[in-house]
Amino acid sequence: MSSTWHILGAGSLGSLWASRLARGGKPVQLILRDATRLMAYEAAGGLTLIEHGQPTTLAIPAQTPDTQGPIHRLLVACKAYDAEQAVAQLAPRLAFDADVILLQNGLGSQDAVANKVPHARCIFASSTEGAFRQADWQVVFAGHGFNWLGDPANPLPPDWLDDLQACGIPHQWTPDILTRLWRKLALNCAINPLTVLHDCRNGGLQAHHCEVATLCAELVELLQRCGQPQAAEHLSEEVERVIQATAANYSSMYQDVAQGRRTEIHYLLGHVCRVAARHDCSLPHLERLYRRLVEHLNARGLPSD
Ligand code: NAP
């Protein structure tokens, strides 16, 4: 079996994973959007990872989705709104024993991908690492963190976790990956949309304590209703802790909106509202927050799906 890491999307996280795996001597192939992006990448001479201000360029081989050849291991590093379509076009190349690792934030995109490739094993990831693109093919490793990986359908860990260990990619296999993803989603819903609507850093939400607490109460109700009681435990306290600890930061959604980039709202607050509707659970404050956020995005010409 091929042990090549095919990495779909050479943006921030994709480049971070690709660089560390390649640096550790693992075979890596980047899969770029199309021939134009491939030519631009080849002209740049490779991917540059900037760590502690030190750039390292690695000439990692790259290809387009229509390249021939089977894929046994695919790391999906696109945004949540691109993942389903991007993986669907690779479906014919995915081997029957393929593992597909999904790095997307939020929930909803993982199931959409899994439906497109029922013959592959889909592994969900939740990452607290931070990276951003300084320019095309140049990525800054901005925040050390951790990666939780798990398969809601199968608790057996895959053998390639050894590659992550060997390459210094901090990780842990967990059968409770959905709890992790729901908890991160709940934290996001309690903080990020309000930072956009109040036009503030995370710390600015200390002045909106009641509004945050009301959202947390509704999120706890939903998590309990949809079978995620562990993700609900002490949510309000953790949200307050995160607001304090990251008071000087702008949330990722704030930064996306400020820079005119599409947000992942559909897989964050949008997912919460859709699951609530499925469970006949009325969450008036979260639903109103979602409507206000959609209006805010539309008023700026940004998509809300
Ligand atoms: P990003 O920098 O925007 O990178 C996404 C990449 O996907 C882009 O390079 C894009 O290509 C590529 N792409 C999109 N459609 C494609 C297709 N059909 N074929 C090939 N490539 C395609 O995004 P990111 O920040 O790495 O985020 C990826 C996911 O990780 C998101 O869900 C995000 O929420 C999550 N996450 C990110 C961080 C972080 O620090 N960045 C941390 C935790 C979680 P082009 O370059 O051609 O546009």
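Me: What covers the buried residues of H3?

Reply: This is a predicted model. In it, the cover includes strand E1 (5–8), strand E6 (71–76) and helix H4 (109–116).

Me: Which residues of H3 are called buried, and why?

Reply: They are Ala80, Ala83, Ala86 and Val87. Buried means under 20% relative accessible area. These residues earn the word because they fall under that cut-off.

Me: How do you know that they sit on the same side of H3?

Reply: Look around the helix axis. The buried residues cover an arc of only 105°, which puts them on the same side of H3.

Me: What makes the link between Leu13 and the ligand a polar contact?

Reply: An oxygen atom of the ligand is 2.8 Å from a polar backbone atom of Leu13. A polar contact needs N or O atoms within 3.5 Å. So the pair qualifies.

Me: Why does Gln89 count too?

Reply: A polar atom in the side chain of Gln89 lies 3.4 Å from a nitrogen atom of the ligand. The limit is 3.5 Å, so this pair is a polar contact.

Me: And what about Glu264?

Reply: An N or O atom in the side chain of Glu264 is 2.6 Å from a ligand oxygen. That is within 3.5 Å, so the name fits again.

Me: How much of the ligand does the protein bury?

Reply: Alone, the ligand exposes 900 Å². The protein buries 86% of that.

Me: Which elements give two or more residues to the shell around the ligand?

Reply: Helix H1 (12–23), helix H3 (80–88) and strand E9 (130–135) do. By class, the shell has 11 nonpolar, 8 polar and 7 charged residues.

Note on methods:
Residues are numbered from 1 along each chain as its sequence is written. This is a predicted model: local features need pLDDT of at least 70, side-chain atom pairs count only at pLDDT 80 or more; totals for chains, interfaces and linings use all residues. Side-chain values use heavy atoms; hydrogens and water are left out. A polar contact is a pair of N or O atoms within 3.5 Å; within protein, one must be able to donate a hydrogen and the other to accept it, and residues adjacent in sequence count only if both atoms are side-chain atoms. Accessible areas come from the Shrake-Rupley method with a 1.4 Å probe; for residues, only the protein chains shown count as cover. Helices (H or I, at least four residues) and strands (E, at least two) are DSSP runs, numbered from the N terminus. Ala, Val, Leu, Ile, Met, Phe, Trp, Tyr, Cys and Pro count as nonpolar, Asp, Glu, Lys and Arg as charged, and the others, Gly among them, as polar. Buried means under 20% relative accessible area, exposed over 50%, partly exposed in between (1.4 Å probe, protein chains only). The arc is that of the directions from the helix axis to the C-beta atoms. Contact means heavy atoms within 4.5 Å.
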